[in-house]
Amino acid sequence: MEEVQVTASNESGAEALPAKTPKQLKKEAEKAAKLEKFKAKKEKLTETKASEKPKKDVPVKPKAADIEIPQLPPGQKKDTTCPMPESYSPRYVEACWYSWWEKEGYFAPEYNRDIKAPNPNGQFVMVIPPPNVTGSLHLGHALTNSVEDTITRYHRMTGKTTLWVPGCDHAGIATQVVVEKKLWREEKINRHDLGREKFIEKVWEWKNEKGHRIYEQLKKMGSSLDWNRASFTMDPKLCKAVLEAFVTMHQDGTIYRSTRLVNWSCTLKSAISDIEVDKVELPGRTQLSVPGYKEKIEFGVIVSFAYKIDGSDEEIVVATTRVETMLGDTGIAVHPQDPRYTHLVGKYALHPFCQRKLLIVADDYVDKDFGTGAVKITPAHDPNDYDLGKRHNLAMITIFSDDGQIIGDCGQFTGMKRFDARKAVLEALEQVGQYRGTADNPMVVPVCSRSKDIVEPMIKPQWYVKCDQMAADAAEAVRSGKLKVVPEMHQKTWFSWMDNIRDWCISRQLWWGHRIPAYFVTIDEPSAKVGDEADNEFWVSGRTEAEARTNAAKRFNVPEEKIILKQDQDVLDTWFSSALFPFSVFGWPDKTDELDVFFPTTLLETGHDILFFWVARMVFFGQKLMGKLPFSEVYLHAMVRDAHGRKMSKSLGNVIDPLDVIYGISLEGLMAQLDGSNLDPAEVGRAKEGQKQDYPQGIPECGTDALRFALCQYTAQGRDINLDVKRVQGYRFFCNKLWNATRFALTYLQGSEIQTLNEVQLSLMDKWILSCLSTAVSACNAGFQQYDFPRATSAIYNFFLYELCDVYLEAVKPVFQGSDESAKSAARSVLVTCIDTGLKLISPFMPFISEELWQRLPRPESVQKTLPPSICIAPYPTDAEFQVWKDEELEENVKLVSRIVSSVRSVRASYMLPNKTKTKLVLRCSDQEVVDMLTHFTGNISTLSFCQPVSVSTDGGNTRGCAIVTVSDKCDAIVHLEGLIDVQKEKTRITGLVEKKRQQLDKLQEGMVVPNYTEKVPLTVQETNKEKEVELETELQQLDAAFATLSTMD
């Protein structure tokens, strides 16, 4: 290599670069020397390779993507007698099994039994939280169905009569919006152009064409639902239940009509439920897009203006975030003890634009220290003002039409759209000199989740369900223990809602849904009283119009022919039919065999976000209409968030389609999904940046089993799940380990006779792994019984990975390579037992890979004869069955052996000793008892730690040139290294490594002490940094110990 010299000038005469310092020149010289050394080493390596004999061609292991996926007619069983592919492929493993399970009827409670006959093992019945018919699978569904299917499969394997009922919700608002958009997009018409009947026909067409999509996606998740019992909330059977429930509760007074404040969507022209209102937090002045407006509308500000006092020069200043609502003001409230305003109470303020006076009232609701201490009251358009207005008998003036236009006596503003009026009112206040200023104001804006419109509180006549008594009964059910809510932390929320219940508004101004079976009565007689549609008295209900007519004639004591009926145009809130789901699916109100057998159900599992909206209402209606709780237990899972703890949002680019996790997707594919979405262009750009950060390489193919296992493992996180796709991928690697371990075991099992455990002589390691298996069985059963799924998943994971694969399979390799046929036979029996039982344990979580591997296992002939056709109906391992193998003392002994092996391997790794280089190992023990125990395991220690010979004593002998590791207070491991390593070379290597690790640690620790580190840095990053710090400190300690050992060899 030529040396390049830096000169002080160049040929062109231009000013040269400054001469390098001696330190820089020294650094360059060292670099050049290193390059020379590397070059020489490379040349030597090339010569050595050229002199070696040519190696045999090693077959390339096929990638998972290259494995041919079985293509079979639906329902045909997969052939598992063929050789296993060398690599694990989720697509290969998950192909064909579901349609076979379904065809064989394994998911039906009638499989191999009469459902009317008592089952000594009991029964388990659960209904699915019915997803919206408009929906496609999202991670919330994936979590719900992973947990529910895992529970269902477990109970099925315990021998119970098991039924998980599928279903779909008609999703009134969501479905109507989807079909209306489709009509406009394709035909440029709206529902009013079609008329009600024709529009509903169009909705049914859409449902029949697209509505099955969510079911197909649930099947891809492996959900073992009994599809023959699938129920749609608009099916005739469920419509009959809705009709019966409404009429029954209307006639006993539980359902009534009243005029009250509701959440109103001006775009949908309908009332909406609280769950359909997104509360968008704004930090201050913000421009938001609103449907129907070309320009964005300003929110996040508070406007102050003055009202003049009637007959006085005084004024009173109020503030509002919705200045247009001042057109509906009918009063001003002040605190009764506020000395600034006591003289004004009972007087009037003058409205500057409407011919109206505003009464000034005193009310404790007002915070006299907030703002000016005076509050404008708009009773018809604000929940708090509504209550204030009722207390003080203020007029309730509606100023918005159903579609958000200004109506009534509002002068120049009448006919304007509400947010156009916002600007106009502000300008008018300035013109009359009553505007006092605008300031930034952090606030929460209610947005309709369906239409993205700003929700407007409006007074409307609606139908309500009286909830006070039902809520009291529901609260008592939990307090008495008749209804169990898990986790218990949600009970506080339950009692808070039940104890502060409000009546439930069940009207929706839609066409798609269950039309309310209530009729407005007009009496065809001049002298008869004429009713108002807002008046509860003039409404009757009936299962048919004829029944309603009869009821009306009785109530008003007139002949039926004098009755004129007009059915309410509105439909019922979707949650009304969902609240009946646990018994309507079984045929109620008819007295069916299914209702008799399967109701009440056993468990209700869902997300904690709908504890009130769905769970509570099912309890209400179950107790009210059936006289029973619809289930005895409620298990509430957490909400799914992204890896950073953020809510899943399309605009953040962090929404994950579970199918993308199952099958994998490139970054380009993820971005293409955003291009086809309804996000604003600016939001699309921001979302793509989020995707680049979180998924720079896209999302790898993980498979259904890994996703299900990860979601169940994540349930330990409490109220929220921060889902990291890398962790799901980690469980895909676990599936790969299962695959390879079983494939490896089959090389020793196939073609050999398998005996039962009772027929063989077991070694200590055989007994140890069976004891570990017993521990895993116990943990899994306890986990299921306590809904502690992480306990079960961790037990299975640890058993397969750390005990069966890392220890037992390695320990039995010398057995199979040896000549002791008795030991081989025992090892084969133990291997089959461990894999068979382990697959049964994991089957509820990972149904596909467990079936694939279980079908391939050879078994003792006596076992094979009575073997169930599928793992999903095989008996789940029980504590009683495996308790006989439990040996805690043996497990403790092998823990010490494992620590010895781990310590020795660590020492060997510190000196970069290859596995083929055997080191002498002496185990120095505290007493003879430990010596006697460890002597039984010297062969296993030798195999697992790559040491030979291994000796055990209370005296370690000469320790010069040895690495000594204290494994525990009972044992030191003395690894003889002298003659196996180049001492000076190792010292140099370790010194360099110590310097590198020290720099890494210093840099990490510098970053961890910056100001506001704990506040500004995400918790997940802080945890990662702490783990890295501990890891680096441990590595430095090990390197220091290694250097100290080398110093004894000089």
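**Exercise 1. Is Phe413 buried or exposed, and what does its ring pair with?**

The model is predicted: local features need pLDDT of at least 70, side-chain atom pairs count only at pLDDT 80 or more, and totals for chains, interfaces and linings use all residues. Residues are numbered from 1 along each chain as its sequence is written, and side-chain values use heavy atoms, with hydrogens and water left out.

Step 1. Phe413 has 0% relative accessibility and therefore counts as buried (buried means under 20% relative accessible area, exposed over 50%, partly exposed in between, with a 1.4 Å probe and protein chains only).

Step 2. A search of the whole structure finds 50 aromatic pairs (rings of Phe, Tyr and Trp, the last by its six-membered ring, with centres within 6.5 Å; planes under 30 degrees apart are stacked, over 60 edge-to-face, the rest tilted). One of them joins Phe353 and Phe413 edge-to-face, at 5.3 Å centre to centre and 70° between the planes.

Step 3. The pair links distant parts of the chain, 60 residues apart. Phe353 lies in the loop between β13 (348–350) and β14 (357–362), and Phe413 in the loop between α10 (383–391) and α11 (418–431). Helices (H or I, at least four residues) and strands (E, at least two) are DSSP runs, numbered from the N terminus.

Step 4. Phe353 is buried as well, with a relative accessible area of 14%.

**Exercise 2. Identify the residues with the most contacts inside the largest nonpolar core.**

Step 1. A nonpolar core is a set of buried Ala, Val, Leu, Ile, Met, Phe, Trp, Tyr and Cys residues joined through side-chain atoms within 4.5 Å. The largest has 242 residues, and those with the most contacts inside it are Trp494, Phe576, Phe621, Tyr808, Tyr911, Leu923 and Leu934.

Step 2. Helix α25 (residues 789–817) gives the largest share of this core, 15 residues.

Step 3. Not counting residues up to four places away in sequence, Phe576 touches partners including Val242, Phe246, Met249, Trp504 and Phe621 (contact means heavy atoms within 4.5 Å).

Step 4. A second, separate core has 37 residues, among them Leu327, Leu344, Ile406 and Met458.

**Exercise 3. Describe how the buried residues of helix α20 are arranged.**

Step 1. Helix α20 spans residues 667–675, and Leu667, Leu670, Met671 and Leu674 are buried in it.

Step 2. Seen down the axis, the buried residues of α20 fall within an arc of 95°, so they line one face of the helix (the arc is that of the directions from the helix axis to the C-beta atoms). An α-helix has 3.6 residues a turn, so residues three or four places apart point the same way.

Step 3. The face of α20 turned away from its buried side carries the exposed residues Glu668 and Asp675. The cover over the buried residues includes α19 (658–663) and α21 (681–694).

**Exercise 4. Determine how strand β30 is placed and paired.**

Step 1. Five of the seven residues of β30 (residues 919–925) are buried, so the strand is largely enclosed by the rest of the structure.

Step 2. With β31 (residues 947–953), β30 pairs in the parallel sense over five bridges (two strands pair if DSSP finds at least two bridges between them). Here Leu921 stands opposite Val950.

Step 3. With β33 (residues 971–976), β30 pairs in the antiparallel sense over five bridges. The bridge partner of Leu923 in β33 is Ala973.
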